[in-house]
Each structure stands twice: as structure tokens, then as C-alpha cells.
Amino acid sequence: MDFLTRLRVGFELLWAILSAEPKLTVILVIFFAGSLIWAFVTNYLRQQKLRKSGILEVDKMTGTVFEEYLQGLLKRRGYKVSLTSVTGDYGADLVLSNTDKKIVVQAKRYNKKVGLKAVQEIVSAKNHYNADECWVITNNYFTAPAVNLAISNKVILIDRDVL
């Protein structure tokens, strides 16, 4: 038998099963229609949440504007925040402080996942700035190697979902 014949036989068999049991047909139609509706509603709500969060605007920012955005966001969270110079920052874009600790932050506004280099840079910056903690904040996600290196170096990763 060729492919088209097998396909026709398969559809005939499926139709025979469905037409023999009308209740089964109704249940399957309701199930698949419900699943489709559920998927559309879930996707719509997710998109609405993203629009409300402002992350879509963050995706359009330049790297410098993203750093300034984080500066304002972290100030509202109670941190004293200073931006480092654009060049010669030793791997840190922001330096945070509160009464308890000093934190250096690497900001990565990327269209792709953030890799190992960002984690390596912030670990180096932690030592240079004599900080207690180091973070990498992105509008995207992190690669698995970056996550593994962050874990072993106690780097806090803040991705799209947390941001």
C-alpha cells in the first residue's frame, strides 16, 4: 500500500470509530475545542500581563536607557544607586548600597540569552568594588552555563520573569 492509501484507510477507520460512538465524538470535540480555547485565553492573558509589566518597552530600550531604568527601579526599592562610567566600569553598571551591604550589578538588555561573560565580569567587579553581593539583571534569560557559573560564584541572576 502506498502512503495515500494508508492515509485514506486511517481516516476511514477513525470515522468508523467516531460515528459508531456519538458520545465519544462529542466528548472528543468538546475536549479539543476546550483545549484550543484554553490555549488562546492563556496566551491572551500572558500577553496582557507582559504589556502591563512594561517589559515590552524595556525590550525596546538601549543599554544605557536600561541602566537608567534599573537605577530608578532599584531606588524605589530602597537602594542608594549610582551608575558607573560607561567605559572602564570593571564589569559593573550599577553600584547599590543600603545599610547592610554593597551590591554591584551588571545590566544586560539583550535580544538573546545572557551567557558566561556577564557572570565572569560581575564576579570580577565584586572583588574590584569590594562588594558583598553581585547581580546580573537582564530583560531576557540566561544560558545554562551562565546559571551554573552563577551558582558556584553566588551571583544572583534576575531574568525577564523576575524583572
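## Two loop residues with positive phi

At 70% relative accessibility, Lys154 counts as exposed, because the exposed class begins over 50%. The model in which this residue is described is a predicted one, and Lys154 is placed there in the loop between α6 and β5. Although Lys154 is not a glycine, its phi is positive, at about 55 degrees. As general background, most residues other than glycine have a negative phi.

Asn130 shows a positive phi as well, near 55 degrees, again in a residue other than glycine. Asn130 belongs to the loop between α5 and β4, and with a relative accessible area of 64% this residue is exposed.

## The sheet and its order

The strands form an open sheet of 5 members in the order β1-β2-β3-β4-β5, and the pairing within this sheet is mixed. Because β1 (80–83) and β5 stand at the edges and have a single partner strand each, one side of each is left without a neighbour in the sheet. From one strand to the next, the twist averages 25 degrees.

The antiparallel part of the pairing includes β2 and β3, which are joined over 4 bridges and form a hairpin with 4 residues between them. Within this pair, Leu96 has Ile103 in β3 as its bridge partner. Strand β3 is mostly covered, with 6 of its 7 residues buried.

## Strand β4 and its two neighbours

Strand β4, which spans residues 133–138, is mostly covered, since 5 of its 6 residues fall in the buried class, under 20% relative accessible area. On one side, β4 runs parallel to β3 (residues 102–108), and 6 bridges join the two strands. In this pairing Val105 stands opposite Trp135 of β4, while Lys108 stands opposite Thr138 of β4. Between β3 and β4 the chain passes through helix α5 (residues 116–128), and the resulting β-α-β crossover is right-handed.

Strand β4 is also joined to β5 (residues 156–158), by 3 bridges and again with the strands running parallel. Here Trp135 stands opposite Ile156 of β5, and Ile137 stands opposite Ile158 of β5. Trp135 therefore has a partner in each of the two neighbouring strands, Val105 in the pairing with β3 and Ile156 in β5. Together with helix α6 (residues 144–153), strands β4 and β5 make a β-α-β unit that is right-handed.

## Helices packed on one another and on the sheet

Two packed helices are described by the angle between their axes and the distance between the axes. For α5 and α6, the axes come within 8 Å and cross at roughly 20 degrees. That angle makes α5 roughly parallel to α6, because angles under 35 degrees are classed in this way. The crossing of these two helices is right-handed. On the α5 side, the residues in contact are Leu116, Val119, Gln120 and Val123, which meet Pro145, Ala146, Leu149, Ala150 and Asn153 of α6.

A further helix, α4 (residues 63–76), lies across β1, β2 (94–97), β3 and β4, and its direction is at about 165 degrees to that of β1. An angle over 145 degrees counts as roughly antiparallel, so α4 and β1 can be described in that way.

## Ala146 in the contact between α5 and α6

Ala146 has its place in helix α6 and is buried, with a relative accessible area of 0%. When residues up to four places away in sequence are not counted, Ala146 touches Val114, Gly115, Leu116, Val119 and Leu157. Two of these, Leu116 and Val119, are among the α5 residues that meet α6. Leu157 lies 11 residues from Ala146 along the chain, and the C-alpha atoms of the two are separated by 9.2 Å.

## Thr42 and its distance from Asn130

Thr42 lies in helix α2, which covers residues 22–53. Its relative accessibility of 37% places Thr42 in the partly exposed class, whereas Asn130, at 64%, is exposed. Thr42 and Asn130 are 88 residues apart in sequence, and their C-alpha atoms are 45 Å apart in space.

Methods. Residues numbered from 1 in each chain as written. Predicted model: local features only at pLDDT ≥ 70, side-chain atom pairs only at ≥ 80, totals over all residues. Heavy atoms only, no water. Buried < 20%, exposed > 50% of the residue type's maximum accessible area, 1.4 Å probe, protein only. Right-handed = clockwise from strand over helix to strand, strands pointing away. Axes fitted to C-alpha atoms, helices over the stretch in contact; angles between N-to-C directions. Parallel < 35°, antiparallel > 145°, perpendicular 65-115°, else oblique. Left-handed = near helix turned anticlockwise from the far one by under 90°. Contact = heavy atoms within 4.5 Å.
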